[in-house]
Amino acid sequence: MNRRLFLSGVTTGAVALGWWRLGLDRAEAAYPFTLSDAEWRKRLSPLAYNVLRKQATEHPFTSPLNKEHRAGIFACAGCGQKLFSSKTKFDSGTGWPSFYAPLPKAVGTSRDFDLGYPRTEVHCARCGGHLGHVFDDGPKPTGLRYCMNGVALSFVAT
């Protein structure tokens, strides 16, 4: 490979990366509920901020919501958007609260390559907060497993 071809490839990659980041910033601004970074930091615990705003993952088996079995609604810890009914919660054995279906229009999805292979990230449709990932190894009737970070959720009993 000659130097001109190499430099051309590096330049093209840098421009593409810049456009990709620009697209993410615009997407975040398009959510109905937005706050500044400082407001998010003030509103959320450090762990919730890292999960919801920086796509981190909490340690498995640490969320009290794993043991939550009352009837109710699981909502976004960032903005309060209702996300999942307790009727769709199940014990996946993974260490994170899991559901087989979200409430209508409650979540969005995007592709995530953070681990080097494609996964489907789940985010709150109202604020864009990172909730977890969805996999196709769940129970009937959907066959899906919405594997959510408990710190990204709040629970309201009904």
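## Surface and overall composition

The accessible surface of the protein chain comes to about 9,700 Å², and carbon and sulfur atoms contribute 58% of that area. These values describe a predicted model. Of the 158 residues in the protein chain, 37% are buried. Among contacts with a separation of 6 or more, 53% join residues that are 24 or more positions apart.

The protein chain contains three helices and nine strands. Along the sequence, the elements follow the pattern α-α-α-β-β-β-β-β-β-β-β-β.

## The six-stranded sheet

Six strands form an open sheet with antiparallel pairing, in the order β3-β4-β8-β7-β6-β5. Strands β3 (89-90) and β5 (107-112) stand at the edges and have a single partner strand each, so one side of each is left without a neighbour in the sheet. In general, the strands of a sheet pair through backbone hydrogen bonds, in either a parallel or an antiparallel sense.

## The β5-β6 hairpin

The partner of β5 is strand β6 (residues 119-124), and the two pair in the antiparallel sense over six bridges. Two residue pairs illustrate this register. Val 107 has Cys 124 in β6 as its bridge partner, while Ser 110 stands opposite Glu 121 in β6.

Six residues lie between the strands of this hairpin, and Gly 116 takes a positive phi near 90° there. A salt bridge also involves residues of these strands: the side chains of Arg 119 and Asp 112 meet at 3.0 Å, N to O. Both Arg 119 and Asp 112 are buried.

## Helix α3 and its packing

Helix α3 spans residues 46-54, and its buried residues are Ala 48, Tyr 49, Val 51, Leu 52 and Arg 53. These buried residues pack against another helix, α2 (37-43), and against the strands β1 (72-76) and β7 (130-135). Strand β7 is also a member of the six-stranded sheet, where it stands between β8 and β6 in the strand order.

Just after α3, the backbone at Gln 55 takes a positive phi of about 60°.

## Salt bridges and their exposure

The structure holds four salt bridges. One of them, between Arg 119 and Asp 112, has been described with the hairpin. Another joins the side chains of Glu 68 and Arg 70, with an N to O distance of 2.7 Å. How do the two residues of this pair stand with respect to solvent accessibility? Glu 68 counts as buried because its relative accessibility is 13%, under the 20% limit. Arg 70, at 49% relative accessibility, counts as partly exposed.

A further salt bridge links Asp 137 with Arg 145, whose closest N and O atoms are 2.8 Å apart. In this pair the acidic residue, Asp 137, is partly exposed, with a relative accessible area of 48%. Its basic partner, Arg 145, has a relative accessible area of 11% and is therefore buried. Thus the Glu 68 and Arg 70 bridge has a buried acidic residue and a partly exposed basic residue, whereas in the bridge of Asp 137 and Arg 145 the acidic residue is partly exposed and the basic residue is buried.

Conventions
Residues numbered from 1 in each chain as written. Predicted model: local features only at pLDDT ≥ 70, side-chain atom pairs only at ≥ 80, totals over all residues. Heavy atoms only, no water. Helix = DSSP H or I, 4+ residues; strand = E, 2+ residues; numbered from the N terminus. Buried < 20%, exposed > 50% of the residue type's maximum accessible area, 1.4 Å probe, protein only. Contact = heavy atoms within 4.5 Å. Areas by Shrake-Rupley, 256 points an atom, 1.4 Å probe, with all protein chains shown as cover. Pairing = 2+ DSSP bridges.
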